[in-house]
Amino acid sequence: MSRTFPTRDGSSWMPQYLTAIEGTTCIGCGRCFKVCSREVMHLHGVDDAGEILGACDGEDDDFDGELNRMIMVVDHAGRCIGCGACARVCPKNCQTHVAADKVARDLAENQENGVAL
């Protein structure tokens with residue numbers, strides 16, 4: 001099922017979908033969010049224990065004083081088009097991207113096995 005797609009100049013290209021962001025490495029700088037036109041990820045608050053408190057809505061939400069830091073979380077993975085812009089701007093290289101053919105293969109296997117996504 002390995003299939004590439006042609007670009008405008010005819011060269012082959014395989015989309016690399018964002019599937020995860022490593023929360024212990026992410027510094028919450030927001031660069032990936034700023035370059036993503038699809039709103040695939042959003043800032044979330046994290047407490048001292050490393051537990052995700054919830055999405056930050058842009059206001060001064062300190063989650064009742066529990067906010068320790070913010071990290072980016074992939075909360076709409078299905079919106080990713082695989083352009084890779086987020087990976088190019090990430091200063092910590094904390095993102096996981098998977099080739100489109102592998103994502104499609106995994107999806108097909110999960111559907112065959114009756115696994116809900």
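The paragraphs below lead through a predicted model of a protein, from its overall build to a few of its residues.

The protein has 117 residues, and its secondary structure comes to three helices and seven strands. Read from the N terminus, these elements follow one another in the order β-β-β-α-β-β-β-α-β-α. The C-alpha trace spans about 50 × 40 × 20 Å along its principal axes, and buried residues account for 30% of the chain. Among the contacts in the protein with a separation of 6 or more, 65% are between residues 24 or more positions apart.

Turning to the surface, the protein exposes about 7800 Å², of which carbon and sulfur atoms supply 48%. Its charged side chains number 11 positive and 18 negative, and the centres of these two sets lie 14 Å apart. On the surface there is also a patch of negative charge, in which Asp 48, Asp 57, Asp 61, Asp 62, Asp 64 and Glu 66 gather. One member of this patch, Asp 57, is placed in the loop between β5 (52–55) and β6 (69–74); Asp 57 counts as exposed because its relative accessible area is 52%, where the cut-off for exposed is over 50%.

The strand that precedes this loop, β5, holds Leu 53, a residue that is classed as partly exposed because its relative accessible area is 26%. Not counting residues up to four places away in sequence, Leu 53 touches Gly 45, Val 46, Asp 47, Phe 63, Glu 66 and Leu 67, and one of these, Glu 66, also belongs to the negative patch described above. With Asn 68, which is 15 residues away in sequence, Leu 53 has a C-alpha to C-alpha separation of 9.8 Å.

Further along the chain, Lys 92 lies in the loop between α2 (85–89) and β7 (95–99). Its relative accessibility is 42%, and Lys 92 therefore counts as partly exposed. Once neighbours within four places in sequence are left aside, Lys 92 is in contact with Thr 25 and Ile 27. The C-alpha atoms of Lys 92 and Cys 26 are separated by 6.6 Å, although these two residues stand 66 residues apart along the chain.

Notes
Residues numbered from 1 in each chain as written. Predicted model: local features only at pLDDT ≥ 70, side-chain atom pairs only at ≥ 80, totals over all residues. Heavy atoms only, no water. Patch = residues over 30% accessible without salt bridge, like charges linked within 9 Å, V, L, I, M, F, W, Y side chains within 5 Å. Areas by Shrake-Rupley, 256 points an atom, 1.4 Å probe, with all protein chains shown as cover. Salt bridge = Lys/Arg side-chain N within 4 Å of Asp/Glu carboxyl O. Lys, Arg positive; Asp, Glu negative; His and termini not counted. Charge placed at Lys NZ, Arg CZ, Asp CG, Glu CD. Helix = DSSP H or I, 4+ residues; strand = E, 2+ residues; numbered from the N terminus. Buried < 20%, exposed > 50% of the residue type's maximum accessible area, 1.4 Å probe, protein only. Contact = heavy atoms within 4.5 Å.
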